[in-house]
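Work through the exercises below with the coordinates loaded. Try each task before you read its solution.

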Amino acid sequence: MMAGRISRLLIALFFAGAGVAHFVVPGRYVPIVPHVFPAPLVLVYVSGFFEILGGVGLLVARVRRAAGVGLALLLVAVFPANVQMLADAVRVNDPLWWRIFLVIRLPLQAALIYWILRVTNNVTTSRQPAATASTS
């Protein structure tokens, strides 16, 4: 299905690009690592590595389902960083529009997880049976 291929490509590009950004501009990500975690720069690099790996994995049929699960788990793992980003924005009284965006972003993580799992055949709808190994 063409829509599934386009969705996978968009997600792959998003994650690969975001992962590269973790290495190119790590200073943008270090401040949002929750303060209770040690070695924030290392965590930024690790998450960037797995974003790249997952993005590329979406394009390889043989590992696509595993990549989808991995990206979903990564989004769960980095969720505290999104919460930290919101908490910091509230603390420093960032513009209201930015704080609203960060609040809306939190539940959108669940939608992104579902989208990833959907396009990697890890979840199905009642209208579409689970796909077998595919090269599409």
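**Exercise 1. Two positive phi angles**

Why does alanine 39 count as partly exposed?

Solution. Some ground rules come first. This is a predicted model, where local features need pLDDT of at least 70, side-chain atom pairs count only at pLDDT 80 or more, and totals for chains, interfaces and linings use all residues. Residues are numbered from 1 along each chain as its sequence is written, and side-chain values use heavy atoms, with hydrogens and water left out.

Step 1. Take the classes: buried is under 20% relative accessible area, exposed is over 50%, and partly exposed lies in between (1.4 Å probe, protein chains only).
Step 2. Alanine 39 has 41% relative accessibility, so it counts as partly exposed.
Step 3. Place the residue: alanine 39 sits in the loop between helix 1 and helix 2. Helices (H or I, at least four residues) and strands (E, at least two) are DSSP runs, numbered from the N terminus.
Step 4. Check the backbone: alanine 39 is not a glycine, yet its phi is positive, about 50°.
Step 5. Repeat for asparagine 121, in the segment after helix 4. Its phi is also positive, near 60°. Asparagine 121 counts as buried because its relative accessibility is 17%.

**Exercise 2. The fold**

State the secondary structure content and the order of elements.

Solution.
Step 1. Count: the chain has four helices and zero strands.
Step 2. Read along the sequence: the pattern is α-α-α-α.
Step 3. Test helix 1: its 23 residues reach 32 Å from first C-alpha to last, close to the 33 Å expected. The expected span is 1.5 Å times one less than the number of residues.
Step 4. Of the 136 residues in the chain, 35% count as buried.

**Exercise 3. The cores**

Find the residues that hold the most contacts inside the largest nonpolar core.

Solution.
Step 1. Define the core: buried Ala, Val, Leu, Ile, Met, Phe, Trp, Tyr and Cys residues joined through side-chain atoms within 4.5 Å.
Step 2. The largest core has 14 residues, and those with the most contacts inside it are Ile11, Phe15, Leu58, Leu71, Leu75 and Ile116.
Step 3. Helix 1 (2-24), helix 3 (64-91) and helix 4 (96-119) each supply at least two of its residues.
Step 4. A second, separate core has seven residues, including Ile32, Leu86, Ala89 and Leu106.
Step 5. List the partners of leucine 75. Beyond four places in sequence, leucine 75 touches Phe15, Gln109, Leu112, Ile113 and Ile116, where contact means heavy atoms within 4.5 Å.
Step 6. Look at helix 1 again: its buried residues, among them Ile11 and Phe15, pack against helix 2 (40-57), helix 3 and helix 4.

**Exercise 4. A partly exposed phenylalanine**

Which residues does phenylalanine 50 contact, leaving aside its neighbours within four places in sequence?

Solution.
Step 1. Phenylalanine 50 lies in helix 2.
Step 2. Its relative accessibility is 42%, so phenylalanine 50 counts as partly exposed.
Step 3. The contacts are Leu71 and Leu74.
Step 4. Check one distance: the C-alpha atoms of phenylalanine 50 and leucine 71 are separated by 7.8 Å, with the two residues 21 apart along the chain.
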